[in-house]
Amino acid sequence: MIYFDNAATTFAYDVGEPWRNQSEEFWFNSNAGYAYKAAQMIDGCRERIRECLGVYSGKVIFTRCATESAELFARLWPGDINCSAKEHDSVHDLRREGRGVEVWIQQTVNQVTGEIFDIEQISKEHKFIALDMTAGIGKVMADIPRNCQAVWFSGHKFHGPHMGVLWLKDDFANEFATQDSRNQYGILHGTLDCLRIVALTNAFEEATNFDDIRTRNRTLLDLSAHLYKKIYDNNFGKMISNDFVRVYAIAPYILNDINADALQQYLAGRGIYIGLGASACADSHDYRVLCAGYGLSVDEAQRTIRVSFDFENAISEIDEFIDAVKDFRERFSK
């Protein structure tokens with residue numbers, strides 16, 4: 001199998017049978033008084049996540065995914081919500097006005113194009129911001145501005161389990177949160193999975209280690225450069241505009257006379273998996289990000305693929321991918 005859709009999801013390293021060897025106390029309901037060890041471990045994970053984010057206060061809430069985190073933040077924020085057309089569906093659909101003070105929601109990295117956004121500059125342009133760090137974890141280091149009210153991300157983007165995190169600034173959260181961390185400070189009730197939280201925290205620490213990011217980026221640069229040369233040499237298409245700084249892990253290409261959806265299905269039959277320029281979270285192919293956000297035509301968007309690398313991918317996998325695209329073009333293209 002060749003997996004080039006790592007911007008969508010990644011293999012979770014710390015999930016599986018080894019958990020069965022853990023102490024039974026960590027399967028207890030951490031909201032119960034008798035489960036103090038589980039509660040302490042979860043609170044310890046909250047502290048470790050705050051340290052990785054570079055913040056030393058605030059409420060860390062564990063959710064099902066980044067989408068639930070964004071929706072929860074929107075329910076808690078009392079005023080207007082706004083963002084650009086480049087934002088993910090889960091954020092773009094939360095926009096509203098007429099309620100009062102606005103918060104601007106901003107990605108650190110775009111999930112389709114890999115564009116890196118200038119968070120420092122954006123924070124100067126808005127009174128309050130919230131950061132969707134989902135596509136940027138493990139790829140860039142982002143400082144949390146003082147006017148940032150919330151941060152969220154999903155573990156499955158960086159080899160953690162399928163669950164999310166929502167950090168809320170104390171100045172904002174203390175208006176409705178309790179100081180007791182049970183039932184997630186009274187914000188989100190339910191029984192937490194202690195061991196999955198530990199797995200997510202371990203993966204988050206590894207993903208945000210600066211030295212590890214630099215090492216991974218050297219590998220990702222080699223992969224991205226090799227793919228670029230192969231695409232160019234074979235006249236397959238062109239990379240979406242280079243007018244912005246991007247991460248090496250995400251490579252979006254507009255193909256010549258190749259329908260991206262058809263190519264994706266063909267490659268999957270050969271055990272090669274890539275992403276598209278359309279949102280995988282929409283009911284049908286939604287090209288809003290590419291068209292409204294980056295100015296592509298619908299035809300260009302329908303021919304756009306997203307190849308997203310992990311540091312464990314290899315140059316030889318790119319060569320096999322290129323050979324498969326050659327076969328597709330010879331068999332099906334005009």
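Helices and strands here are DSSP runs, counted from the N terminus, with at least four residues for a helix and at least two for a strand. That numbering puts Leu296 in the loop between helix 9 and helix 10 (298-302). The model is a predicted one, and Leu296 makes a handy way in. With a relative accessible area of 10%, Leu296 is buried, because buried means under 20%. Setting aside neighbours within four places in sequence, Leu296 touches Ile240, Ile254, Leu290, Cys291, Ala301 and Thr304. One of these, Ile240, sits 56 residues away in sequence, yet the two C-alpha atoms are 9.0 Å apart in space.

Now for the chain as a whole. The protein chain has 11 helices and 11 strands. For 334 residues, a compact globule would have a radius of gyration near 20 Å, and the chain's 21 Å agrees with that. Along its principal axes, the C-alpha trace spans about 65 × 55 × 35 Å. Some 55% of the 334 residues count as buried. The accessible surface comes to about 15600 Å², and carbon and sulfur atoms hold 47% of it. Among contacts with a separation of 6 or more, 67% link residues that are 24 or more positions apart.

The strands can be followed sheet by sheet. One open sheet has 6 strands in the order 2-7-6-5-4-3, and its pairing is mixed. At the edges are strand 2 and strand 3 (80-82), each of which pairs on one side only. From one strand to the next, the twist averages 20°. Strand 3 runs parallel to strand 4, paired over 3 bridges, and Asn82 stands opposite Trp104 in strand 4. Strand 4 (residues 102-107) is also paired with strand 5, again in the parallel sense, over 4 bridges. Here Ile105 faces Ala130 in strand 5. Strand 5 itself is covered on both faces: Ile129 and Leu131 on one side, and Ala130 and Asp132 on the other, are all buried. Helix 1 lies across strand 2, strand 6 and strand 7, at about 110° to strand 2.

Several of these elements turn up again in the largest nonpolar core, which has 46 residues. Ile49, Leu53, Phe62, Val151 and Phe153 have the most contacts inside this core. Elements giving two or more residues to the core include helix 1 (36-53), strand 2 (59-63), strand 5 (129-132), strand 6 (148-154) and strand 7 (164-168). The largest share, 8 residues, comes from helix 6. In general, nonpolar side chains in soluble globular proteins tend to be buried together. Val151 shows what this looks like up close: beyond its neighbours within four places in sequence, Val151 is in contact with Leu53, Leu131, Met133, Ile144, Val165, Leu166 and Trp167. There is also a second, separate core of 29 residues, with Phe4, Ala249, Ala260 and Ile318 among them.

The other open sheet to look at has 5 strands in the order 1-10-11-9-8, also with mixed pairing. Strand 1 (2-4) and strand 8 (237-239) are at its edges with a single partner strand each, so one side of each has no neighbour in the sheet. The twist in this sheet averages 30° from one strand to the next. Strand 9 (residues 250-255) and strand 11 (residues 304-308) are antiparallel partners over 5 bridges, and Tyr253 stands opposite Ile305 in strand 11. Two helices lie across this group of strands. Helix 8 (residues 260-269) crosses strand 9, strand 10 (272-276) and strand 11, running at about 160° to strand 10. Helix 11 (residues 315-332) lies across strand 1, strand 10 and strand 11, at about 90° to strand 1.

Finally, a couple of loop residues have backbone angles worth a look. Most residues other than glycine have a negative phi. Gln184 is not a glycine, but has a positive phi of about 50°. Asp257, not a glycine either, has a positive phi of about 55°. Gln184 is in the loop between helix 5 (170-173) and helix 6, whereas Asp257 is in the loop between strand 9 and helix 8. Are these residues buried or exposed? Gln184 counts as buried, because its relative accessibility is 2%, while Asp257, at 52%, counts as exposed.

Conventions:
Residues are numbered from 1 along each chain as its sequence is written. This is a predicted model: local features need pLDDT of at least 70, side-chain atom pairs count only at pLDDT 80 or more; totals for chains, interfaces and linings use all residues. Side-chain values use heavy atoms; hydrogens and water are left out. A nonpolar core is a set of buried Ala, Val, Leu, Ile, Met, Phe, Trp, Tyr and Cys residues joined through side-chain atoms within 4.5 Å. Buried means under 20% relative accessible area, exposed over 50%, partly exposed in between (1.4 Å probe, protein chains only). Contact means heavy atoms within 4.5 Å. Two strands pair if DSSP finds at least two bridges between them. Axes are lines fitted to C-alpha atoms, for helices over the stretch in contact, and angles run from 0 to 180 degrees between N-to-C directions. The radius of gyration is taken over C-alpha atoms; the globule rule is 2.2 Å times the number of residues to the power 0.38. Accessible areas come from the Shrake-Rupley method with a 1.4 Å probe; for residues, only the protein chains shown count as cover.
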